[in-house]
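Reader: Before we discuss the aromatic contacts and the strands, could you show me the model and settle the vocabulary for burial?

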Amino acid sequence: MATFTIGEEVMYEGERYVITLRQPQPPYRYRLVRTTSRGPVVAWAVADELEKIRSYTEPRWDTPES
């Protein structure tokens with residue numbers, strides 16, 4: 001199981017969210033917030049439903065060869 005911190009960007013149901021709160025008691029749930037053109041969206045999820053954003057955690061070679 002992955003661990004997440006407050007302020008971390010995560011993927012939930014195909015959308016990018018920011019974690020704003022973690023419940024202190026089991027079952028640990030995270031409050032997620034994202035901004036849309038219609039205003040903020042808030043969701044609750046458990047860690048198993050969240051994904052780390054791979055572009056932040058997986059190394060990649062993005063420097064052009066000379």
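Author: Buried means under 20% relative accessible area, exposed means over 50%, and partly exposed covers what lies in between. The model shown here is predicted, and by this scale both tyrosine 12 and tyrosine 17 are buried.

Reader: How many aromatic pairs does a search of the whole structure find?

Author: Rings count as paired if their centres lie within 6.5 Å. When the whole structure is searched with that criterion, the number of aromatic pairs found is two.

Reader: Which geometry, stacked or edge-to-face, does the pair of phenylalanine 4 and tyrosine 30 have?

Author: The ring centres of phenylalanine 4 and tyrosine 30 are 5.8 Å apart, with 80 degrees between the planes. Planes over 60 degrees apart fall outside the stacked class, which is kept for angles under 30 degrees. The pair formed by phenylalanine 4 and tyrosine 30 is therefore edge-to-face.

Reader: How many residues apart in sequence are the parts that this pair ties together?

Author: Phenylalanine 4 and tyrosine 30 are both buried. Since phenylalanine 4 belongs to the segment before strand E1 (9-12), whereas tyrosine 30 belongs to strand E3 (residues 29-36), the pair ties together parts whose separation in sequence is 26 residues.

Reader: What is the angle between the planes of tyrosine 12 and tyrosine 17?

Author: Tyrosine 12 and tyrosine 17, both of them buried, form an aromatic pair that is edge-to-face. Their rings are 5.7 Å apart, centre to centre, and the angle between the planes is 70 degrees.

Reader: Which residue is the bridge partner of tyrosine 12 in E2?

Author: E1 pairs with strand E2 (residues 15-22) in the antiparallel sense, over four bridges. Within E2, the residue that serves as bridge partner of tyrosine 12 is glutamate 15.

Reader: Which strands stand at the edges of the sheet?

Author: The open sheet is formed by five strands in the order E4-E3-E2-E1-E5, with antiparallel pairing. Each edge strand has a single partner strand, so one of its sides is left without a neighbour in the sheet; the strands in this position are E4 (39-46) and E5 (51-52).

Reader: Which residue in E4 stands opposite threonine 35?

Author: E3 and E4 run antiparallel and are joined by eight bridges, while a hairpin of two residues connects E3 to E4. Opposite threonine 35, the residue standing in E4 is proline 40.

Reader: How far from the ring centre of tyrosine 28 does arginine 22 lie?

Author: A charge sits over a ring if, among other conditions, CZ of Arg is within 6 Å of the ring centre. Arginine 22 lies over the face of tyrosine 28, and its distance from the ring centre is 4.0 Å.

Definitions and conventions: Residues numbered from 1 in each chain as written. Predicted model: local features only at pLDDT ≥ 70, side-chain atom pairs only at ≥ 80, totals over all residues. Heavy atoms only, no water. Phe/Tyr/Trp six-rings, centres within 6.5 Å; stacked < 30°, edge-to-face > 60°. Buried < 20%, exposed > 50% of the residue type's maximum accessible area, 1.4 Å probe, protein only. Lys NZ or Arg CZ within 6 Å of the ring centre and 35° of its normal. Pairing = 2+ DSSP bridges.
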